[in-house]
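This report describes the fold and selected local environments of the protein shown below. It moves from the overall architecture to individual residues.

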Amino acid sequence: QVQLVESGGGLVQAGGSLRLSCVASGSIFAIYEMGWYRQAPGQQREMVAVINSGGFRRYADSVRGRFTISRDNNRATVYLQMNGLKPEDTAIYYCKVDDRLGDDEYHHWGQGTQVTVSS
C-alpha cells in the first residue's frame, strides 16, 4: 500500500506564495508520473501540474508562469511552488502518484491540503 502525505497548505493573501510538498512511502513500484490536482467547491477536480520520470512538466494554462513543479526521485517527493497566488487558486490541492509494475499501472491520491487565497 502506498501512502501520500501532503503539507504546506494554508491561508495567504493574494500575491503571496506557498510551497506544497508530497512524500510517497510504502509499496511503491516504478514511479512514472507525480503531480498536483485541485478541486474548488462545486467544481470538478482539475490538473494543476504534473512531472514525469524524465522531468517533463505540464501545467494548466491558469497557473503556467506562476507555479513550478519539481520532484526529488531519491525521496519520492514532489513539490509545488506557487507564486503570485490569486483568490481563484483557492481549492483543496491533491497529490497524485502513478507507478507501474510491468503492464499494471497504479494511481494513488493524497488526502488533500487546503489552500485559501484572500483578496
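Two residues are in contact when heavy atoms of theirs lie within 4.5 Å. On that basis, and leaving aside neighbours within four places in sequence, His 108 is in contact with Val 2, Leu 4, Cys 95, Lys 96, Val 97 and Asp 99. The model is a predicted one.

## Overall architecture

The protein has 11 strands and 0 helices. Its radius of gyration is 14 Å, close to the 14 Å that the globule rule gives for 119 residues, so the protein is as compact as a globular protein of that length. Taken along the principal axes, the box filled by the C-alpha atoms is roughly 45 × 25 × 25 Å. Of the 119 residues, 43% count as buried. Among contacts with a separation of 6 or more, 55% come from residues 24 or more positions apart.

## Strand pairing

One open sheet consists of 4 strands in the order β1-β3-β8-β7, with antiparallel pairing. Its edge strands are β1 and β7, each of which pairs on one side only. From one strand to the next, the twist averages 15°. Within this sheet, β1 and β3 are joined in the antiparallel sense by 6 bridges, and Leu 4 has Ala 24 in β3 as its bridge partner.

Strand β9 is mostly covered, with 8 of its 11 residues buried. Its pairings with β4, β10 and β11 are set out in the table, each with one bridge pair as an example.

| Strand pair | Sense and bridges | Example of a bridge pair |
|---|---|---|
| β4 and β9 | antiparallel, 9 bridges | Gly 35 opposite Lys 96 in β9 |
| β9 and β10 | antiparallel, 6 bridges | Arg 100 opposite Glu 105 in β10 |
| β9 and β11 | antiparallel, 3 bridges | Ile 92 with Gln 114 in β11 |

The hairpin of β9 and β10 has 2 residues between the strands, and there Gly 102 takes a positive phi near 65°.

## The nonpolar core

In soluble globular proteins, nonpolar side chains tend to be buried together. The largest nonpolar core of this model has 30 residues, and those with the most contacts inside it are Trp 36, Leu 80, Met 82 and Tyr 93. The elements that give two or more residues to this core are β1 (2-7), β3 (18-26), β4 (30-39), β5 (46-52), β7 (67-72), β8 (77-82), β9 (91-101) and β11 (113-118).

Which residues does Leu 80 contact, leaving aside its neighbours within four places in sequence? They are Leu 18, Arg 19, Leu 20, Trp 36, Val 48, Ala 49, Phe 67, Thr 68, Ile 69 and Tyr 93. Trp 36 and Tyr 93 in this list are also among the core residues with the most contacts.

## Three buried polar residues

His 108 is found in strand β10, residues 104-109. Why does His 108 count as buried? Its relative accessible area is 17%, and a residue is classed as buried under 20%. The side chain of His 108 makes a polar contact of 3.0 Å with the side chain of Asp 99. Asp 99 is also one of the residues in the contact list of His 108 given above.

Thr 113 has its place in strand β11. Thr 113 counts as buried because its relative accessibility is 11%. A polar atom of its side chain lies 3.4 Å from the backbone nitrogen of Gly 9. Not counting residues up to four places away in sequence, Thr 113 touches Glu 6, Gly 9, Leu 20, Ala 91, Ile 92 and Tyr 93. Gly 9 thus appears both in that list and in the polar approach at 3.4 Å.

Thr 77 lies in strand β8 and is buried because its relative accessibility is 4%. Its side chain reaches the backbone oxygen of Arg 75 at 2.8 Å. Beyond the residues up to four places away in sequence, Thr 77 touches Cys 22, Val 23, Met 34, Ser 70, Arg 71 and Asp 72. The C-alpha atoms of Thr 77 and Asp 98 are separated by 12 Å, with their positions 21 residues apart along the chain counted as the separation.

Conventions:
Residues numbered from 1 in each chain as written. Predicted model: local features only at pLDDT ≥ 70, side-chain atom pairs only at ≥ 80, totals over all residues. Heavy atoms only, no water. Core = buried A, V, L, I, M, F, W, Y, C linked by side-chain atoms within 4.5 Å. Buried < 20%, exposed > 50% of the residue type's maximum accessible area, 1.4 Å probe, protein only. Polar contact = N/O pair within 3.5 Å; in protein donor to acceptor, adjacent residues only side chain to side chain. Pairing = 2+ DSSP bridges. Axes fitted to C-alpha atoms, helices over the stretch in contact; angles between N-to-C directions. Rg over C-alpha atoms; globule rule 2.2 N^0.38 Å.
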